[in-house]
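Let's take a walk through a protein together. Keep the 3D view open and turn it around as you read.

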Amino acid sequence: MTISDDAISRRNWKSVLQHDVPASLVVFLVAVPLSLGIAVASGAPVAAGLVAAVVGGVVAGALGGSVVQVSGPAAGLSLVVAELVHTYGWRATCAITVMAGVLQLGLGWLKVARAALGVSPAVVHGMLAGVGVVIALSQLHIVLGGSPQRSALENVVELPAQILDNHTHSVVIGVLTIGVLLVWGRVPRLRTVPAPLAALMVATLTAAVTGWDLTKVDLKGGFSSVEAPLMPQGDWHAIAGAVLLVALLAGVESLLTCVASNRLHDGPRADLDRELTAQGVANVVSGALGGLPVAGVVVRTTTNARAGARSRWSTVLHGVWVLLFTAAFAWMIALIPLEALAALLLFIGVQMVNLGHVRNLRSHREIPVYFVTMAGVVLVGLAEGVAIGLGLAALLALRRLAWVSVDVRQAGERRWRVVVTGSLTFLGVPRLSEALRGIPAGSAVELDLHLDFMDNAAFEALHAWRLEHERTGGVIDVDEPHDEWYSAAISGARLYPARIPPRHDRWWLPWAYRRRSRPMDSYAGDAGTYEVIGANGAGGGDHDGVTAIPGPQGAPDLLEGTREFQRRTAPMVRPLLHRMARKQSPSHLFITCADSRIVPNIITASGPGDLFTLRNIGNLVPRAGALPADDSVAATIEYAVKVLDVRTITVCGHSGCGAMAALLGEVPDLPALRDWLRHGRQSLARFVAEERTEDDAGPLDRLCRVNVIQQLDNLRTHPFVDALVRAGRLELTGLYFDIGAARVHVLEQERFTPVPELRTG
């Protein structure tokens, strides 16, 4: 069944009429006052802001890479435009806008849009905050009836005198405008009309009714008052820098807004290269028509998405409404007091200092970049402030990349432990050398290298210290739990940080295969041959590349194992165990053999608190009332079911079980063991009675499997277990672990089938 093109078209137009047209009207009502205010703050003709709003809506909206982003004159560019107007004049600024658009077109054609995402958000937010402070300080003077100064510092210095002067009417209009902006959005019934439009309407009506002598917006002639661009005169290096600055600032702001717009809707994701190209076209058109530079704007984009826009038609139509309104009602705009627009810009400037961004940056330790950028923009200038912020962000990033922690502590008499963590580069060599200098000569050292990178300078420093320490009789045990930078440098192998396969932790290996028993790489140095512990069995050996060294050194005692736990594992599991310290809530009772090769937590991938485990020889469950009596197993089952309220009991057998081998042959002359194995006679009888299966791997393997089935039956002889099973409150399951194949089998309808592996990709 297919849907006709006409039906799809009708459905699309219905969505446009239902969602996009209303949203476009809301954005239009927000865009007009903001465009007027930004034009005033930029020192440009008021009509230039409306031209940019129309072009941003129609051109950038139709061609852009986001379906909800709204472009137009941006407050973040007002300082740059104001400086360009002061330096080159308005018509030359329009030509710079055209050239910036051409540059954006070229960047979009080269598909480098995603490079803009490499700019630190702390720099962008700090820049906008600095622009907001500068705008607020300058427009505050207009609200007070005066004129803004050339710099933010001059505005601060002149502010006391400005406040002392009596500009009653201007102050009243400004305070009234800000009051409406603050209150309007808090009243639910008034939210249908955007607060900026309502504030300007109230201020305009008040000025008209009172007849106060206030400065009005100059919009004589509407769009006909715009002028054609004129090539700027002067130093071409400075002009090229201005073009680059406008193109990059407008492009970065547009692309970051474009990325943010993806979180505001469920429609198609934004195409950044297409968006950058569209911004270039829009700036060429806007500059050619005498408009301000165009960029994606957060406020209008957010308003568009929240108003229910579903497609780019909302953005395009909002530009059409701005065009029609300006053409038909330019006389209404000329009634707006300039002090009201200044108050609106003052309010916007304060909002640009967004404390929410500061909170987000705090966890990433980027607050210094934010405030340094903001201070640079306010005190020095926009381009200089951004450059300072980028420089600081780069320095902090370099510092983080080169960060290294060196922890040296005494682990016993003449025994030391050194843990080096992070990126070990030449920048960290002084810290490393200073820390290693304090280790006494001739002592034993455990050197743990948790490194994600090591450069040659760091390797030379570390290896030189090692050679000198071992020359004086010391012993160094080097362990690289993660990436093998040190051993690779010794062997001459080249490693690439992004290509190093992940290392697997070795906590699950037997003692004989860890620490000093791991494979060694040899390095012939000036003082002899030295060994470096490998990670993945490189260098040969048995057991799939892991070589065991027999003897006392190959199997450390239990105390050494506990030391390794305290050093490596305890810090990671301590918070978890602390929460479990007062109560356990396991979900399973796991009954398995005492065989040393069976580790329940490994074959079930479980952790602390998951399994309540019962282990005995042969994973036997004595039947209720069986002789000889054994209350230990029954007590464990009873406690698990009645106190811990486990929902599953699992019996897990395994291949090559010694207890089952004893049942098939002659039981060893061990009285206690002989008495215990009497509980396995039912398994042996069941084994004899059953027919041999086609896939039988031998009598012992078959008895090991049969024994699991029998022990599940034995569980049902305990009345409290049987009652819970019948009530559906307890489940009994059987597992069989093939040691040689490292494969778990699950019992299904009296047969064991391998548990399927989960495959990815």
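We'll go from the open spaces to the surface, and then on to the charged pairs.

Before we start, keep in mind that this is a predicted model. Let's begin with a space you can get into from outside: the second largest pocket, which has a volume of about 1,700 Å³. Its lining is made of 43 residues, and those closest to the pocket's centre are Val298, Val299, Arg300, Thr302 and Thr303. Try colouring those five, and you have a good marker for where to look.

Which helix gives the largest share of this lining? That's helix 11, with seven residues. Helix 11 covers residues 298–306, and other helices join in as well. At least two lining residues each come from helix 1 (5–42), helix 5 (121–143) and helix 7 (168–184), and that also goes for helix 8 (195–210), helix 9 (236–261) and helix 13 (338–352). As for the chemistry of the pocket wall, 26 of the lining residues are nonpolar, 12 are polar and five are charged.

Now for a space that is closed off. The count comes to one cavity of 30 Å³ or more, and the largest cavity holds about 40 Å³ of space. Around it sit Ile38, Ser42, Pro73, Ala74, Leu77, Ser78, Val81, Leu292 and Pro293. Helix 1 turns up again here: helix 1 and helix 3 (78–88) each give at least two residues to the cavity lining. Sorted by class, that lining has seven nonpolar residues, two polar ones and no charged ones.

Next, move out to the surface. Leu153, Val372, Leu379, Val380 and Ile388 make a nonpolar patch there, with an area of about 430 Å². Let's pick one member, Ile388, which lies in helix 16 (residues 382–401). Is Ile388 buried or exposed? Neither quite fits: its relative accessibility is 40%, so Ile388 counts as partly exposed.

Finally, let's look for charged partners. How many salt bridges does the structure hold? There are 17, and we'll visit a few of them.

Start with Arg674 and Asp669, whose closest N and O atoms are 3.5 Å apart in their salt bridge. Arg674 has a relative accessible area of 34%, so Arg674 is partly exposed. Asp669 comes out at 67%, which means that Asp669 is exposed.

A little further along the chain, Arg678 forms a salt bridge with Asp675, and here the closest N and O atoms are 3.3 Å apart. Both partners get the label "partly exposed": Arg678 has a relative accessible area of 35%, and Asp675 has a relative accessibility of 31%.

Then there's the salt bridge between Arg705 and Asp701, with 3.0 Å between the closest N and O atoms. Where do these two sit along the chain? Both are in helix 27 (residues 699–716), and because they are four residues apart, about one helical turn separates them. Arg705, at 21% relative accessibility, is partly exposed. Asp701 has a relative accessible area of 15%, and since buried means under 20%, Asp701 is buried.

Salt bridges can also be joined up, as our last stop shows. Arg686, Glu690, Asp713 and Glu750 are linked in a network of salt bridges. Select those four side chains in the viewer and trace the links between them.

Note on methods: Residues numbered from 1 in each chain as written. Predicted model: local features only at pLDDT ≥ 70, side-chain atom pairs only at ≥ 80, totals over all residues. Heavy atoms only, no water. Patch = residues over 30% accessible without salt bridge, like charges linked within 9 Å, V, L, I, M, F, W, Y side chains within 5 Å. Areas by Shrake-Rupley, 256 points an atom, 1.4 Å probe, with all protein chains shown as cover. Buried < 20%, exposed > 50% of the residue type's maximum accessible area, 1.4 Å probe, protein only. 1 Å grid on protein atoms, 1.4 Å probe; cavity = no way out; pocket = protein on both sides within 12 Å on 5 of 7 lines; lining within 4 Å. Points joined across faces, edges and corners; volume = space filled by probe spheres on them. Nonpolar A, V, L, I, M, F, W, Y, C, P; charged D, E, K, R; others polar.
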